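Trainee: Hi! I've just opened this one and would love a tour. Could you walk me through it?

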Amino acid sequence: MLYNLIDKNDTIRSLTTRKIVIEGKDSKKMTLLMDIFVQEINIDLAGGFLFLKGTILSEHENVRIGSFHNIEIEVGKRLKITKKFWNEYSLKLKEEMKKILHSVLFCLFYTEECLIFNVSRNFVKLVQKLQIKNRNVKSLEDYILRYIKEIKAVVLCTFKEEKPSILSLLLRNKELSNYSGIFCEVKLEEVKKKMVPTKVIANIMIEEKHKNIIEKIELKEE
């Protein structure tokens with residue numbers, strides 16, 4: 001959806017990394033809050049990245065205004081969009097992006113954190129980050145129950161075998177146990193823990209063994 005919102009000649013402000021040459025010899029990578037005049041837009045749907053190329057508008061030490069720069073916008077990254085004119089279509093998209101729909105949720109569990117994504121066939125949106133310490137899933141229970149009437153499926157993605165499982169812990173909640181049919185678990189290889197979360201989700205969606213998950217996502221989009 002963000003891909004459809006950003007147009008050529010828009011100005012984007014976002015944090016980005018750039019290699020800076022200092023005093024003509026030494027160079028180092030620095031993180032800068034930069035304004036870019038967009039001239040080219042590309043997207044990686046599988047990886048969940050938006051690639052923007054344009055000229056630099058903001059002033060930074062040792063960075064020439066007007067030079068080219070590429071910005072990668074991943075899921076959940078904050079940015080500001082400035083347009084000379086917001087047409088009706090762009091305004092409608094902007095309002096739609098403010099809404100959070102909770103039809104199919106992917107919950108990725110890391111050491112002490114759970115990332116929750118709203119997922120469709122061609123859209124992945126990070127909607128929440130939760131702290132999960134000592135396998136205490138109370139915050140996740142509360143989040144799911146808050147939107148339970150909107151949810152068609154919850155996909156629990158873990159990177160190691162643990163007992164009791166996350167699903168077992170969640171279903172100890174009597175209210176959630178009434179909705180046990182919306183949950184499914186996916187056990188992932190430990191090596192995938194190093195992948196970008198959106199790529200982890202993309203891999204799950206193309207694997208035949210997870211066909212039941214895809215069917216639930218397609219049901220959401222009818």
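Trainee: Let's begin with helix 3. Which strands does helix 3 lie across?

Mentor: Helix 3, residues 138-146, lies across strand 6 (104-109), strand 7 (113-119), strand 8, strand 9 and strand 10. Its direction is at about 140° to strand 8. Angles here run from 0 to 180 degrees between N-to-C directions, with axes as lines fitted to C-alpha atoms, for helices over the stretch in contact. Contact means heavy atoms within 4.5 Å.

Trainee: Anything I should know about the model before we go on?

Mentor: Yes, this is a predicted model, where local features need pLDDT of at least 70 and side-chain atom pairs count only at pLDDT 80 or more, while totals for chains, interfaces and linings use all residues. Residues are numbered from 1 along each chain as its sequence is written, and side-chain values use heavy atoms, with hydrogens and water left out.

Trainee: Thanks! How many helices and strands does the protein chain have?

Mentor: There are seven helices and ten strands in the protein chain. They are DSSP runs numbered from the N terminus: helices are H or I with at least four residues, strands are E with at least two.

Trainee: Back to those strands under helix 3. What order do they take in the sheet?

Mentor: The order is 8-7-6-9-10, in an open sheet of five strands with mixed pairing. Strand 8 (124-131) and strand 10 (183-187) each have a single partner strand, so one side of each is left without a neighbour in the sheet. On average, neighbouring strands of this sheet are turned by 20° against each other, direction ignored. Two strands count as paired if DSSP finds at least two bridges between them.

Trainee: And how many bridges join strand 9 to strand 10?

Mentor: Five bridges join them, and strand 9 (residues 153-158) and strand 10 run parallel. Val-154, for instance, has Phe-183 in strand 10 as its bridge partner.

Trainee: What else does Phe-183 touch?

Mentor: Not counting residues up to four places away in sequence, Phe-183 touches Ile-144, Val-154, Leu-156, Leu-167, Leu-170, Leu-171 and Leu-176. Phe-183 is also among the residues that touch the most other members of the largest nonpolar core, along with Ile-116, Leu-140, Ile-144, Leu-156 and Leu-170. That core has 24 residues. Strand 6, strand 7, strand 8, helix 3, strand 9 and helix 4 (166-170) each supply at least two of its residues.

Trainee: What counts as a nonpolar core?

Mentor: A set of buried Ala, Val, Leu, Ile, Met, Phe, Trp, Tyr and Cys residues joined through side-chain atoms within 4.5 Å. Buried means under 20% relative accessible area, exposed over 50%, and partly exposed in between, using a 1.4 Å probe and protein chains only.

Trainee: Is Leu-105 in strand 6 buried or exposed?

Mentor: Leu-105 counts as buried because its relative accessibility is 0%. Leaving aside neighbours within four places in sequence, its contacts include Ile-116, Tyr-143 and Val-154. Its C-alpha atom is 9.6 Å from that of Phe-183, which is 78 residues apart along the chain.

Trainee: New topic: how many disulfides does the structure hold?

Mentor: Zero. A disulfide would need a pair of cysteine sulfur atoms within 2.5 Å. The closest cysteine sulfur to that of Cys-107 is in Cys-114, and at 4.6 Å it is too far for a bond. Cys-157 is in no disulfide either, and its nearest cysteine sulfur, in Cys-107, is 7.6 Å away. Cys-107 is buried at a relative accessible area of 0%, and Cys-157 counts as buried at 0% relative accessibility.

Trainee: What about the other sheet, with the order 4-3-2-1-5?

Mentor: That is an open sheet of five strands with antiparallel pairing. Strand 4 (68-74) and strand 5 (80-82) are its edge strands, each pairing on one side only. Neighbouring strands are turned by 50° against each other on average, direction ignored. Strand 1 (residues 11-22) and strand 2 (residues 26-44) pair over twelve bridges, with Thr-17 opposite Thr-31 in strand 2. Strand 2 and strand 3 share eight bridges, while strand 1 and strand 5 have three.

Trainee: Last one: where does Thr-55 lie?

Mentor: Thr-55 lies in strand 3 (residues 49-56). Thr-55 counts as buried, at 12% relative accessibility. Leaving aside neighbours within four places in sequence, its contacts include Phe-37, Ser-67 and Phe-68.
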